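Here are my notes for you, written as numbered points. Keep the picture open while you read and find each residue as it comes up.

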Amino acid sequence: MARFEASCVTVDQIMAELDSNGYCFVHGVLSEAEAIATRDELRAILNGGPTGRNAFEGYKTKRMYGLFAKTRRFDRLATMPLLLDVIGKTLKTEFFNLSAPTGIDIGPNERTQIPHRDDGKYPLPIPHQEVVINTMWALDDFTEYNGATLVWPETQIGGKSSKFKFTPTETHSAVLTPDRSIENRRTRSAESEAINSKFVSGFEAVHQSIQDAGVKPIKAIMPKGSVMIYKGSLLHGGGANETSTPRLGVILEYCAGWLRPQENHLLAVPRETAALLNPDLQDLLGCKCCQLQR
C-alpha cells in the first residue's frame with residue numbers, strides 16, 4: 001500500500017493509487033499538536049451525546065453530524081487545493097459538494113461495521129463513473145486493535161477485485177431508523193430491531209460474496225494527523241475496537257454536484273455561520289450551481 005508525505009505528495013501519485021488500489025494514505029497533513037487540539041475540541045462536543053441508533057452507526061460509536069456548524073477545525077482541510085484537484089479528477093467534474101462531514105468516535109468493544117460502498121446509497125447501475133470520493137482524517141492513531149477502518153483493496157469500480165456479487169441495497173436499505181422521534185432515536189424500538197435484522201442478513205450476504213471472491217481486507221493503520229483518501233465505490237467498513245479507549249476520525253465525503261448530498265448543509269449550517277466561511281467552503285456546502293455538462 002502506498003503511503004505519502006504531505007510535504008511532497010503530488011496529485012498524479014494519489015490518482016495512480018486510487019486507480020489501482022482504490023485508496024491511499026497521506027501522512028503529516030496535520031502536525032501532532034494540531035491533531036490533538038482538533039481531537040480534544042471534537043470530543044468535547046461528542047461527550048454526553050448519544051451512541052448510534054442502529055448496527056450500521058454502531059451502538060458503541062458516537063457520531064457528530066453538521067460538522068461545519070460546530071467547528072472551524074476542518075475549514076482549511078476541506079478546501080485544500082491538492083485534495084480538490086484529486087476530487088475533480090476522480091469525479092471528472094469541477095462541480096462537486098461535501099456530502100457527509102461526520103465525526104466518528106468508535107468506542108471500546110464496538111463490533112466491525114458491515115462492509116459497504118459509500119456510493120451504494122444512490123440507485124445507479126454498476127458499473128458507473130465515480131460519483132463519490134471520501135477522506136478519513138485520523139485524530140487518534142489508527143492501530144491494529146482500536147477500530148482502524150477496514151478496506152478491501154481493488155474493489156472499486158474498475159479494480160481487479162470489483163467483479164463479485166454485491167448488492168448495495170443489502171447494506172443501505174436502512175441506514176437510519178424510520179422513526180425519527182427524539183425518544184426513539186435513543187432507544188431500540190421493535191421497528192429498529194427489525195431493521196437491524198436486515199443488517200445482519202446483509203452482513204452475512206456481503207461477507208459470503210467477499211469470501212467467495214477471495215478478497216481480504218487491510219487495516220488503515222496510520223498515525224494521527226494523516227488522511228486516507230478512497231473512492232466511493234471501494235468496499236470498506238469501520239473496524240472493531242478491542243481496546244479500552246475510543247478512536248476518533250472524521251470523514252469528509254464529497255459527491256458529484258448533480259447528486260443530493262447526504263446532509264442538507266443549507267439547514268445544518270446556520271446562515272450567519274455560512275456567511276463567515278471562505279467562498280470555496282461555501283461552494284462545497286451548496287452555495288454554487290452545478291452547470292450542465294455535455
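1. Start with how the chain begins. Strand β1 (residues 3–5), helix α1 (residues 11–20) and strand β2 together form a β-α-β unit, and its crossover is right-handed. Bear in mind that this is a predicted model.

2. Now look at how β2 fits between its partners. On one hand, β1 runs parallel to β2, and three bridges join them. On the other, strand β9 (residues 227–231) runs antiparallel to β2, this time with four bridges. Val26 is a handy residue to click on: its bridge partner in β1 is Phe4, and its bridge partner in β9 is Val227.

3. Is β2 mostly covered or not? Check residues 23–27. Five of the five residues in this strand are buried, so "mostly covered" is a fair description, given that buried means under 20% relative accessible area. The side chains go two ways: Tyr23, Phe25 and His27 point to one side of β2, while Cys24 and Val26 point to the other.

4. Next, the rings. How many aromatic pairs are there? The count comes to three. One of them is Tyr23 with Phe25: the ring centres are 5.8 Å apart and the planes meet at 75°, so we call this pair edge-to-face. Tyr23 has 4% relative accessibility and therefore counts as buried. Phe25 is at 0%, so it counts as buried too.

5. Another edge-to-face pair is Phe96 with Tyr254, because their planes are at 80°, with the ring centres 6.4 Å apart. Which strands hold these two residues? Phe96 sits in β4 (residues 96–98) and Tyr254 in β11 (residues 247–256), so this pair ties together parts that lie 158 residues apart in sequence.

6. Are Phe96 and Tyr254 buried or exposed? Phe96 has 10% relative accessibility, so it counts as buried. Tyr254 is at 0%, and therefore counts as buried as well. The cut-off behind both calls is under 20%.

7. Finally, go back to Phe25, since there is another neighbour to find. Arg3 lies over the face of the Phe25 ring, at 4.2 Å from the ring centre. Putting this together with point 4, Phe25 has the ring of Tyr23 edge-to-face with its own and Arg3 over its face. Arg3 also falls within the residue range of β1 (residues 3–5), the strand that runs parallel to β2.

Note on methods:
Residues numbered from 1 in each chain as written. Predicted model: local features only at pLDDT ≥ 70, side-chain atom pairs only at ≥ 80, totals over all residues. Heavy atoms only, no water. Buried < 20%, exposed > 50% of the residue type's maximum accessible area, 1.4 Å probe, protein only. Pairing = 2+ DSSP bridges. Right-handed = clockwise from strand over helix to strand, strands pointing away. Phe/Tyr/Trp six-rings, centres within 6.5 Å; stacked < 30°, edge-to-face > 60°. Lys NZ or Arg CZ within 6 Å of the ring centre and 35° of its normal.
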